Amino acid sequence: AWYQRRVRGADYLRSLMAERLQGRFDSIAAGTDTTNDILSYIIRANQFSDKLTMEDVVDDFFVFLIAGMETTAITMSILLWYMLKDNEMTKKLMDEVNLVFGDKKDLEFEDLNNLVYLEQCIKEVLRLHAPSRISFRISPDKPATVDGIELPPGSSPNFS
């Protein structure tokens, strides 16, 4: 029963995402979409490819939406924990951020390239404490073979 509720919930969320994506596809095609988020880049790149279906884009959107929020929160929490433990690291990070941003009111995308130490710290946290070491998938409605192993339709294999 819990599995069926999970599948129904995922199906409902996927249908909402498909509606939202279709609206973005339409506004980009009409030239009225001015956003520059990752979703827009995926959609614009898809305009020049016939390889990605709407279902593929929904899958990507689903991953970014669900996995991205939790893994980012976990990574930032661990980074803050390290900062609390290491005053030298915290000072170096704060000095870098203050140097890059100075008295700017708004963050510029290009500024992120100058946060070298922050990027190194985040990568080290990800290396030491990966937020997700397991990937869950549901096999398609037909049998599938992965690395020589036959998966029955609708099975839920775990990969790590």
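Is threonine 75 buried or exposed? I began my notes on this predicted model with that residue, and I found threonine 75 to be buried, with a relative accessible area of 7%.

**Entry: overall layout**

I then stepped back to the whole chain, where I counted five helices and four strands, and I noted that the elements run α-α-α-α-α-β-β-β-β from the N terminus on. Of the 160 residues of the protein, 21% count as buried. I also looked up the contacts with a separation of 6 or more, and 42% of them are accounted for by residues 24 or more positions apart.

**Entry: threonine 75 and its surroundings**

Returning to threonine 75, I placed this residue in helix H3, which covers residues 54-85. Leaving aside residues up to four places away in sequence, I found that threonine 75 touches Ile122, Val125, Leu126 and Pro131.

**Entry: helix H5**

Helix H5, residues 116-128, was the next element I examined; this helix has 13 residues and reaches 18 Å from its first C-alpha to its last, close to the 18 Å expected at 1.5 Å a residue. Which residues of H5 are buried? I found Tyr117, Cys121 and Val125 to be buried there. Seen down the axis of H5, the buried residues fall within an arc of 80°, so they line one face of the helix. I set beside this the general point that an α-helix has 3.6 residues a turn, so residues three or four places apart point the same way. On the face of H5 turned away from its buried side I noted the exposed residues Lys123 and Arg127, while what covers the buried residues of H5 includes H3 and helix H4 (87-101). Tyr117 came up once more when I looked for charges over rings: lysine 92 lies over the face of tyrosine 117, at 4.4 Å from the ring centre.

**Entry: nonpolar cores**

Which residues make up the largest nonpolar core? I listed 10 residues in all, namely Met17, Leu21, Phe25, Ile28, Leu39, Ile42, Ile43, Val57, Val58 and Phe61. Helix H1 (2-30), helix H2 (38-46) and H3 each supply at least two residues of this core, and the largest share, four residues, comes from H1. I followed one member, phenylalanine 25, which touches Ile43, Asn46, Met54 and Val57 when residues up to four places away in sequence are not counted. A second, separate core holds eight residues, among them Ile78, Met89, Cys121 and Val125.

**Entry: the aromatic pair**

I found one aromatic pair in the structure. Tryptophan 81 and tyrosine 82 form this pair, which is edge-to-face, with 5.0 Å centre to centre and 70° between the planes. I checked both partners for exposure: tryptophan 81 counts as partly exposed at 44% relative accessibility, and tyrosine 82 also counts as partly exposed, at 22%.

**Entry: alanine 144**

My last look was at alanine 144, which has its place in strand E2, residues 144-146. Why does alanine 144 count as buried? Its relative accessible area is 19%, and I recorded alanine 144 as buried because the cut-off is under 20%. Not counting residues up to four places away in sequence, I found that alanine 144 touches Ile149, Glu150 and Leu151. I also looked up the pair of alanine 144 and serine 155, which are 11 residues apart in sequence and 9.7 Å apart in space, C-alpha to C-alpha.

Methods. Residues are numbered from 1 along each chain as its sequence is written. This is a predicted model: local features need pLDDT of at least 70, side-chain atom pairs count only at pLDDT 80 or more; totals for chains, interfaces and linings use all residues. Side-chain values use heavy atoms; hydrogens and water are left out. Rings of Phe, Tyr and Trp (its six-membered ring) pair if their centres lie within 6.5 Å; planes under 30 degrees apart count as stacked, over 60 as edge-to-face and the rest as tilted. Buried means under 20% relative accessible area, exposed over 50%, partly exposed in between (1.4 Å probe, protein chains only). A charge sits over a ring if NZ of Lys or CZ of Arg is within 6 Å of the ring centre and within 35 degrees of the ring normal. Contact means heavy atoms within 4.5 Å. The expected span of a helix is 1.5 Å times one less than its number of residues. The arc is that of the directions from the helix axis to the C-beta atoms. A nonpolar core is a set of buried Ala, Val, Leu, Ile, Met, Phe, Trp, Tyr and Cys residues joined through side-chain atoms within 4.5 Å.
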